[in-house]
Amino acid sequence: CVPPAMSRRVVRQSKFRHVFGQPVKADQMYEDIRVSKVTCDSSFCAVNPKFVAIIVESGGGGAFIVLPLAKTGRVDKNHPLVTGHTAPVLDIDWCPHNDNVIASASEDTTVMVWQIPDYVPVRNITEPVVTLEGHSKRVSIISWHPTARNVLLSAGCDNLVILWNVGTGEMLLVLDNMHTDLIYNVGWNRNGSLLVTTCKDKKVRIIDPRKQQIVAEKEKPHDGTRPIRAIFVADGKIFTTGFSKMSERQLGLWDLKNFEEPIALQEMDTSNGVLLPFYDADSSIVYLCGKGDSSIRYFEITDEAPYVHYLNTYSSKEPQRGMGFMPKRGLDVSKCEIARFFKLHERKCEPIVMTVPRKADLFQDDLYPDTPGPEPALEADEWLSGKDADPILISLRDGYVPIKNRELKVVKKNILDNKPPPGPRRSHSVCDPDLSRPALEEVLEEIRALKETVQAQEKRISDLENKLCQFTNGTD
């Protein structure tokens, strides 16, 4: 349903007026996935040009499944999971600078970072590259820095925001005493110099994480009591979703130079699902997906009044449990695809493709300006010392080819000083430490060799499976 204020408007020129969404064919969906039933306003799904990751139900701990994008159809019930958490996983986020690295946050108070191989492993992945421990309550939000390598943010129910250097496993910054209640969401601006947060205390805060300062805040951008969401959009403006006193869903646009009054405030409908905003900076389109809704609404943000222009609604029959949003470099430019969503149902994941209908076969420059690529613009310590850099952009003219698996290396400082090695302890004589060292190195060497053998065999099995698939497809 289109709010009345949106239907009376004079027709406005925009190349995105006719964007339309379409679900993929049934055989291109991911079937038989037990999507997590945890009550949490997370999107439960994260995608990149190589993989789709989905938080799933799992007995006795927390898990998520990672599928290569091409592995559509029915998912084998024995498909390996990523299982390392001891309680449900609440949020997952792919690293923007390495398509094989994903972070997960859990009710068990930890954040884990995982290296996902390009081949499908035979067994569950149980060993994270690094475990980040610093929260005292469950961790419900994680988000990678958009331009600095290995910088990861986590926010927990202890009202803390922690910034980590994943490359060393260390805390960089702890933002405490800023939030008086549960944090609903956290978002970076384009170059990662500022954060926007929303909180149960009904405030939207703009934070400079390195100065550990709140630089602006707005109390009650929406009067209702239900959760608010906020993201940065073009020119540093803030886009919010929330509820009115009458429990109508609203969207708002705010300028930090005058945070008192909204540039735009629109009422939408009366539904109780929190609206998750997904923003595409290249087209300045914001997509709103409500949990439990069966539609995706999209709006274009411009410099002309009324600033937030309703474009259209993609409607379907079934409600969404969660939603993944593909980065621009993962789209098919030859089909004029400007966005792709991965909609979670109870037992499947359904990609929805948003396209601008055009006849020309040529590359459409106006639809695809240069977009952030996978190279970080800064190192973690450069960012921490005060440097800022915009994302390094790439052209999509020839499409994007994902980079081969690059290993995430974690260099811990004196790791043996503060943590005993996991697993059963061996009884070494403690009288002469030099006696135990060669034995320990021998065991470690043996483990390394065994791991390499297992990985080589897994890769071989995966290659043979792929060949078999090609062979059977060829004979159909």
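**Close-up views of a predicted model**

**Figure 1. Salt bridge between Arg249 and Asp293.** In this predicted model, the side chains of Arg249 and Asp293 come together in a salt bridge with an N to O distance of 2.7 Å. Arg249 belongs to strand 22 (residues 249-254), whereas Asp293 sits in the loop between strand 25 and strand 26 (295-301), so the salt bridge ties together parts 44 residues apart in sequence. Both Arg249 and Asp293 are buried. Side chains of opposite charge can pair when their charged atoms come close.

**Figure 2. Strand 22 and its partner, strand 23.** Strand 22, which holds Arg249, pairs with strand 23 in the antiparallel sense over four bridges. Gln250 stands opposite Glu267 of strand 23. Strand 23 spans residues 264-267 and has two unlike faces: Ala264 and Gln266 lie on the covered face, Leu265 and Glu267 on the uncovered one. In a regular strand the side chains alternate between the two faces of the sheet.

**Figure 3. The open sheet of strands 24 to 27.** Four strands, in the order 24-25-26-27, make up an open sheet with antiparallel pairing. Its edges are strand 24 (275-280) and strand 27 (308-315), each of which pairs on one side only. Neighbouring strands of the sheet are turned against each other by 25 degrees on average, direction ignored. Strand 24 and strand 25 (residues 285-290) are paired in the antiparallel sense over six bridges, and Tyr279 is placed opposite Val286 of strand 25.

**Figure 4. The largest nonpolar core.** This core contains 37 residues, of which Ile33, Val52, Ile54, Phe64, Ile116 and Phe342 touch the most other members. At least two core residues come from each of strand 3 (45-47), strand 4 (51-56), strand 5 (62-68), strand 8 (89-94), strand 10 (110-115) and strand 29 (337-344). Strand 4 gives the largest share, six residues. Leaving aside residues up to four places away in sequence, Ile54 touches Ile33, Val35, Phe44, Cys45, Phe64, Ile65, Ile92, Leu344 and Cys349. Another core lies apart from this one; it has 25 residues, including Leu276, Phe278, Ile296 and Phe363.

**Figure 5. Strand 8 and the hairpin to strand 9.** Strand 8 is largely enclosed by the rest of the structure, because five of its six residues are buried. Strand 8 is also among the strands that supply at least two residues of the largest nonpolar core. A hairpin of six residues joins strand 8 to strand 9. The two strands pair in the antiparallel sense over five bridges, strand 9 covering residues 101-106. Ile92, one of the residues touched by Ile54, has Ser104 of strand 9 as its bridge partner.

**Figure 6. Salt bridge between Arg149 and Glu379.** The structure holds 21 salt bridges. In one of them the side chains of Arg149 and Glu379 meet at 2.9 Å, N to O. The pair links distant parts of the chain, 230 residues apart: Arg149 is in the loop between strand 12 (139-144) and strand 13 (151-156), and Glu379 is in the loop between strand 31 (371-372) and helix 2 (380-384). Arg149 has a relative accessible area of 29% and is therefore partly exposed. Glu379, at 32% relative accessibility, also counts as partly exposed.

**Figure 7. Salt bridge between Asp365 and Arg397, with a further network.** Asp365 and Arg397 form a salt bridge in which the closest N and O atoms are 2.7 Å apart. Asp365 lies in the loop between strand 30 (348-355) and strand 31, and Arg397 in the loop between strand 32 (393-394) and helix 3 (415-418); the pair links distant parts of the chain, 32 residues apart. Asp365 is partly exposed at 47% relative accessibility, and Arg397 is partly exposed with a relative accessible area of 44%. Elsewhere, salt bridges with shared partners join Asp201, Lys203, Arg205 and Glu217 into one network.

**Figure 8. The span of residues 440-467.** An unreviewed UniProt entry annotates residues 440-467 as "coiled-coil region". In the model, this span is 100% helix and 0% strand, and its end C-alpha atoms lie 41 Å apart.

Terms used
Residues numbered from 1 in each chain as written. Predicted model: local features only at pLDDT ≥ 70, side-chain atom pairs only at ≥ 80, totals over all residues. Heavy atoms only, no water. Pairing = 2+ DSSP bridges. Axes fitted to C-alpha atoms, helices over the stretch in contact; angles between N-to-C directions. Core = buried A, V, L, I, M, F, W, Y, C linked by side-chain atoms within 4.5 Å. Buried < 20%, exposed > 50% of the residue type's maximum accessible area, 1.4 Å probe, protein only. Contact = heavy atoms within 4.5 Å. Salt bridge = Lys/Arg side-chain N within 4 Å of Asp/Glu carboxyl O. UniProt positions renumbered as here; feature names shortened; annotations may be inferred.
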